[in-house]
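Work through the exercises below with the sequence and the structure side by side, and try each task before reading its solution.

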Amino acid sequence: MLQAAIKAALSGILVMIVAETSKRSPAFGALVASLPLISILAVIWLWNDTGDTVRVANHLEATFYYVLPSLPMFLVMPMLLRGGMTFWAALGASVLMTVALYGLVVFVASRFGIQL
């Protein structure tokens with residue numbers, strides 16, 4: 001239980017650092033957010049918990065494929081906000097688009113024998 005609490009606290013601290021950094025410098029906050037810090041932590045936790053290199057490799061490969069459909073959100077949401085859409089509406093539309101793109105990636109990947 002203590003290990004889970006440490007994992008949660010460390011992960012939460014990273015999110016807080018991004019949020020606080022973004023208040024001072026949106027570009028630097030974005031740089032910090034774009035670093036695969038959470039993925040690296042997840043891989044370290046997974047390795048420490050299982051010691052299973054195949055599981056770690058599968059996790060990293062799946063992460064690659066799941067990052068792809070999330071990328072358009074970072075262009076679409078700013079476009080919607082600048083176009084006058086409210087924050088929550090733009091966020092909702094962006095999340096729905098991302099969920100649809102996740103489904104598309106899973107479908108297309110399966111056609112190529114990639115199981116996600």
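Helices here are DSSP runs of H or I with at least four residues, numbered from the N terminus. The model is a predicted one.

**Exercise 1.** Find which helix gives the most to the nonpolar patch, and list the residues that form this patch on the surface.

*Solution.* Begin with the members: the nonpolar patch on the surface is formed by Phe64, Val67, Leu68, Leu71 and Phe74, and together they have about 480 Å² of accessible area. Next, turn to the helices, where helix 4, which covers residues 53-70, gives the most to the patch, with three residues.

**Exercise 2.** Decide whether valine 67 is buried, exposed or partly exposed, and say where valine 67 is placed.

*Solution.* First locate the residue, since valine 67 has its place in helix 4. Then recall that buried means under 20% relative accessible area and exposed means over 50%, with partly exposed in between. Because its relative accessible area is 39%, valine 67 is partly exposed.

**Exercise 3.** Determine how many aromatic pairs a search of the whole structure finds, and describe the pair that phenylalanine 64 and tyrosine 65 form.

*Solution.* The search of the whole structure gives three aromatic pairs. One of them joins phenylalanine 64 and tyrosine 65, with 5.2 Å centre to centre and 75° between the planes. Planes over 60 degrees apart count as edge-to-face, and the pair of phenylalanine 64 and tyrosine 65 is accordingly edge-to-face. As for its exposure, phenylalanine 64 counts as partly exposed because its relative accessibility is 48%.

Conventions
Residues are numbered from 1 along each chain as its sequence is written. This is a predicted model: local features need pLDDT of at least 70, side-chain atom pairs count only at pLDDT 80 or more; totals for chains, interfaces and linings use all residues. Side-chain values use heavy atoms; hydrogens and water are left out. Patches are made of residues with over 30% relative accessible area and no salt bridge: like charges are joined within 9 Å, nonpolar side chains (Val, Leu, Ile, Met, Phe, Trp, Tyr) within 5 Å. Accessible areas come from the Shrake-Rupley method with a 1.4 Å probe; for residues, only the protein chains shown count as cover. A salt bridge is a side-chain nitrogen of Lys or Arg within 4 Å of a carboxyl oxygen of Asp or Glu. Helices (H or I, at least four residues) and strands (E, at least two) are DSSP runs, numbered from the N terminus. Buried means under 20% relative accessible area, exposed over 50%, partly exposed in between (1.4 Å probe, protein chains only). Rings of Phe, Tyr and Trp (its six-membered ring) pair if their centres lie within 6.5 Å; planes under 30 degrees apart count as stacked, over 60 as edge-to-face and the rest as tilted.
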